[in-house]
Amino acid sequence: VSNLIGIGAQDEAILASADRLARALARSSFSSIVVTDEVGAGIVPDNPTARRFRDLLGWTNQKIAAVANEVILMVSGYPMRAK
């Protein structure tokens, strides 16, 4: 998401890329591990760019989690099963 923001991609294009990734993961015949940051548990950033990143990454995470068989949230090195 940050790379797409960095090259000037619009929000709709970033979310379309997230949809394509989610569909590809759902169709794949092999296991994948996706590692991402958790962005919804902190404070709301005070600047527009940081808020945009937080929102786009959060929506991307939701799309990937929706097609995942498992979702593990790591907290201080401890795995917590979210799905």
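Contact here means heavy atoms within 4.5 Å, and with that in mind I would like to start at Leu-56, which, leaving aside residues up to four places away in sequence, touches Val-1, Ile-5, Asp-11, Ile-14 and Leu-15. Please remember that this is a predicted model, in which local features need pLDDT of at least 70 and side-chain atom pairs count only at pLDDT 80 or more, while totals for chains, interfaces and linings use all residues. Residues are numbered from 1 along each chain as its sequence is written, and side-chain values use heavy atoms, with hydrogens and water left out.

Leu-56 also belongs to the largest nonpolar core, whose 5 residues are completed by Ile-5, Ala-9, Ile-14 and Leu-15; such a core is a set of buried Ala, Val, Leu, Ile, Met, Phe, Trp, Tyr and Cys residues joined through side-chain atoms within 4.5 Å. Buried means under 20% relative accessible area, exposed over 50%, and partly exposed in between, with a 1.4 Å probe and protein chains only.

Turning to helix H3, residues 48-67 (helices are DSSP runs of H or I of at least four residues, strands runs of E of at least two, numbered from the N terminus), we find Leu-56, Leu-57, Gly-58, Thr-60, Asn-61 and Ile-64 buried, and their cover includes helix H1 (2-6) and helix H2 (11-27).

Finally, Ser-76 lies in the loop between strand E1 (72-75) and strand E2 (78-81), and its phi is near 50 degrees, a positive value in a residue other than glycine. Most residues other than glycine have a negative phi. Ser-76 is exposed, at 71% relative accessible area, whereas Val-75, in strand E1, is partly exposed at 36%.
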